[in-house]
Amino acid sequence: MKNLIQKLVETISPSGYEGTVRDLIRAEVEPLADEVRVDALGNLIVRKGKKGPNGVRVMFSAHMDEIGVMATHIDEKGFVRFTTIGGVRPHTCVGGRVHFITGVQGVIGMERPESPDRQPTFDQLFIDVGATSRADCPVKVGDIAGFTRPFLDLGDKIVAKSMDDRIACAVQIEALRALKKTDHEVYFVFSVQEEVGLRGATTAAYGVDPEIGISVDVTGTGDTPKSGFMEVALGNGPAIKVRDGRMLSDPRLVDLMVKTAEKAKLPYQLEILEGGTTDATAIQMARAGVPASCVSIPCRYIHSPSEMVDYRDVQNAVRLIVELLAHPIVLK
Amino acid sequence: MASNDEIRAQIPQIGPDQIALLERLSNAVGVSGEENEVRAIVLEAVKPFADEVKVDALGNVLVTRKAKTANPVRVMIAAHMDEIGFMLINKDEGGLFSFEKIGGIDVRQLVGKTVLVGKKRVPGVIGARPIHFTTPEERRNLIPMDQLRIDLGPGGADLARVGDRATFATRFKQAGPSLMGKALDDRLGVATLIELVKHAPEHVELLAAFTVQEEIGLRGARVAAYAFNPDLAVVIDSTPANDLPVWDGSENARYNTRLDAGPSIYVADGATLSDPRLLRWLFETGDALGIPYQLRQPGGGGTDAGAIHRVRGGVPSVSISVPGRYAHTAIGLARLSDWQNTLALVFAALMRLDDRLLADERR
């Protein structure tokens, strides 16, 4: 599974430009699925099983896209000014490297700050691709890039850019692989444009029209020096979301996932996230409403080029999803 | 598909009639939520050419122009009828009214502007104490919204009531190649879409949405797209040209768009990441026909596409804007050439459209 994760996180596919990672995921899921389709926005929608007499139509969603940058201006000297795609913060940019989907690579530099203890604004940052003039700059306005950073295997802990949310893509692929027989009609959606506002999950949920919706995404932790307070820690198991900034999980679905984990003797933790949200928010509000929750992979340093997760949490998330689908899903 | 020369010969032209219609549209009052006057002009203009015309529950004008061929691509084109403005919120003494903004307006732009209030278009002014009675300290500071009033003059209290809308009183002017008016955002789009309804290519089903309530959150477009359920959508709007020189002489890296550089095509704004297939379609059209175009600098803001592309199972969408200086102030300035080229680019793109455009998945 680590090889799969490495391939996923080393692919550059920012929001709106998910074609490359979609090809990679499709190659993995096609032999395992009963149906694979791509909708108008580019969501990859993968079905396994047909709804049996005791089954429900359940949609999982992990987003394929990642945060990135887009060129807004090439100046006279060939430096590239840029805007952000998704929640990029200036302090994670300086000195970082970006890879345009056209193949061009560059580093992020900054103007001399007015005061050394001030954080730069994006207006003060630029991408240097080694050009010397506008004419010889290989980047055009509108070109999109992702951050690059090699995959790092620390044993139990693994680190990469775009663990958010390729780690959940890996979880869904492995859950699909492990899912031999189910009474449920299971949709694994690999969604687009989550980082810019849950846009892909909105249309995918309309198309799938699920009876249960569960996103699979990363969540923050409270286990690093002077971090904000949060009960979630790396290595304590997948987190079952109770609420986040924009969604209250269906309590019946939370109970069901907790009981499933306890019966299967899987570690788990309960998650209350103050800010941020996931595809489950969009699924919950689709059509006439859908009971929804989220299986979260605890992750340190989210939206930096070095996001860290615990490999055991990842494996246990796969097990939790497979266990959930092995039994009737009855909300009460 | 028609040849490029055939397409070029059929491109609708902006002439005196079109400019006269834009003048009527720009002078009409249509603050978000009360678009009646604009809607009446649109209905009058499109009825002779439409196969179906409907005004929906929110007030959108939904026009269908059917194809003359089988299995056409169903294209939604949207332009918003509403404009920014004001609403009276409290009747104070002596014909003065407290008011709030509808849509995105910079408070610094308001003092000294004339306005038209309510259905009867009562003239008023957003006044301020003259220099004779202000201190240097006061003159350094912004006058906040809660200290501004719309003044209908002594005795004006009976001429308007709380809940009335108001708009800038600016009248449309043409000065050679320049067009100036108060609601060019987005009456330029409305006027363009009217021409497209009149000249719709026969092989596409044109679903024209003249939308309401764009300026306060893309509200009309959402329900319009739900009703039309189109194969793809093009939004025609107006976007700021911030192409003036920078005061310190440095390079202007935040121009957004430039006047006379042609229609501005959106790759990304705050609400939409345009479908790359539709971008290539517009770029290839411009290149093949020799129609100038520019890219709007990616960044914030949004158009009706932000609502349309998320409707139902998703709608491939792109936006294209006529650039204009001084957007969301009392007067905007746009160029005839940019308007003509916007109409030309969208028309030519429709002429070149077939179902191969969306045959491959988005990438």
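**Exercise 1. In which strand of chain B is H80(B) found? Then describe its surroundings.**

Step 1. Place the residue. H80(B) is found in strand β3 of chain B. Keep in mind that this is a predicted model.

Step 2. Judge the burial. A residue is buried if 20 or more other C-beta atoms lie within 10 Å of its own. H80(B) has 32 C-beta neighbours inside 10 Å, so H80(B) counts as buried.

Step 3. List the contacts. Set aside the neighbours within four places in sequence. H80(B) is then in contact with D186(B), G189(B), T211(B), E214(B), G220(B) and D304(B).

**Exercise 2. Which residues of chain B does UniProt list for "binding site"? Work out how they sit in space.**

Step 1. Read the record. The unreviewed UniProt entry lists H80(B), D185(B) and D237(B) under "binding site".

Step 2. Set sequence against space. These residues are spread over 158 residues of sequence. Yet they cluster in space, with a largest C-alpha distance of 8.4 Å.

Step 3. Look at D237(B). This residue is found in strand β13 of chain B. Is D237(B) buried or exposed? With 26 C-beta neighbours inside 10 Å, D237(B) counts as buried.

Step 4. Find what D237(B) touches. Leaving aside neighbours within four places in sequence, the contacts of D237(B) are A79(B), D186(B), G189(B), T303(B), S319(B) and S321(B). D186(B) is also among the contacts of H80(B), and so is G189(B).

**Exercise 3. Explain why strand β13 (residues 232-240) of chain B is largely enclosed, and name its partners.**

Step 1. Count the buried residues. In β13(B), 9 of the 9 residues are buried, so the strand is largely enclosed by the rest of the structure.

Step 2. Take one partner. Strand β3 (residues 73-80) of chain B pairs with β13(B) in the parallel sense, over 4 bridges. Here M76(B) has A233(B) as its bridge partner.

Step 3. Take another partner. Strand β16 (residues 317-325) of chain B also pairs with β13(B) in the parallel sense, over 8 bridges. P240(B) stands opposite G324(B) in β16(B).

**Exercise 4. Which residues of helix α2 (residues 19-29) of chain A are buried? Find what they pack against.**

Step 1. Name them. The buried residues of α2(A) are V21(A), R22(A), I25(A) and E28(A).

Step 2. Check their directions. They cover an arc of only 120 degrees around the axis, so they lie on the same side of α2(A).

Step 3. Find the packing partners. The buried residues of α2(A) pack against α1 (2-9), β2 (44-48), α3 (163-178) and β12 (185-191) of chain A.

**Exercise 5. Divide chain A into its domains and describe their contact.**

Step 1. Set the bounds. Domain 1 of chain A covers 2-66 + 161-325, and domain 2 covers 68-148.

Step 2. Give the separation. The C-alpha centres of these domains lie 31 Å apart.

Step 3. Describe the contact. 12 residues of domain 1 are in contact with 14 residues of domain 2. The domain 1 side has 5 nonpolar, 4 polar and 3 charged residues.

**Exercise 6. How many residues of chain A are in contact with chain B? Describe the chain A side.**

Step 1. Count. 24 residues of chain A are in contact with 19 residues of chain B.

Step 2. Find the elements. β4 (68-74), β5 (80-85) and α4 (199-208) of chain A each supply at least two residues of this side. The largest share, 5 residues, comes from α4(A).

Step 3. Sort by class. The chain A side has 7 nonpolar, 12 polar and 5 charged residues.

Technical notes. Residues numbered from 1 in each chain as written. Chains lettered and ligands numbered in written order. Predicted model: local features only at pLDDT ≥ 70, side-chain atom pairs only at ≥ 80, totals over all residues. Contact = placed C-beta atoms within 7 Å. Nonpolar A, V, L, I, M, F, W, Y, C, P; charged D, E, K, R; others polar. Buried ≥ 20, exposed ≤ 12 C-beta atoms within 10 Å, placed from the backbone. Pairing = 2+ DSSP bridges. Domains from an automatic or database assignment. Arc of directions from axis to C-beta. UniProt positions renumbered as here; feature names shortened; annotations may be inferred.
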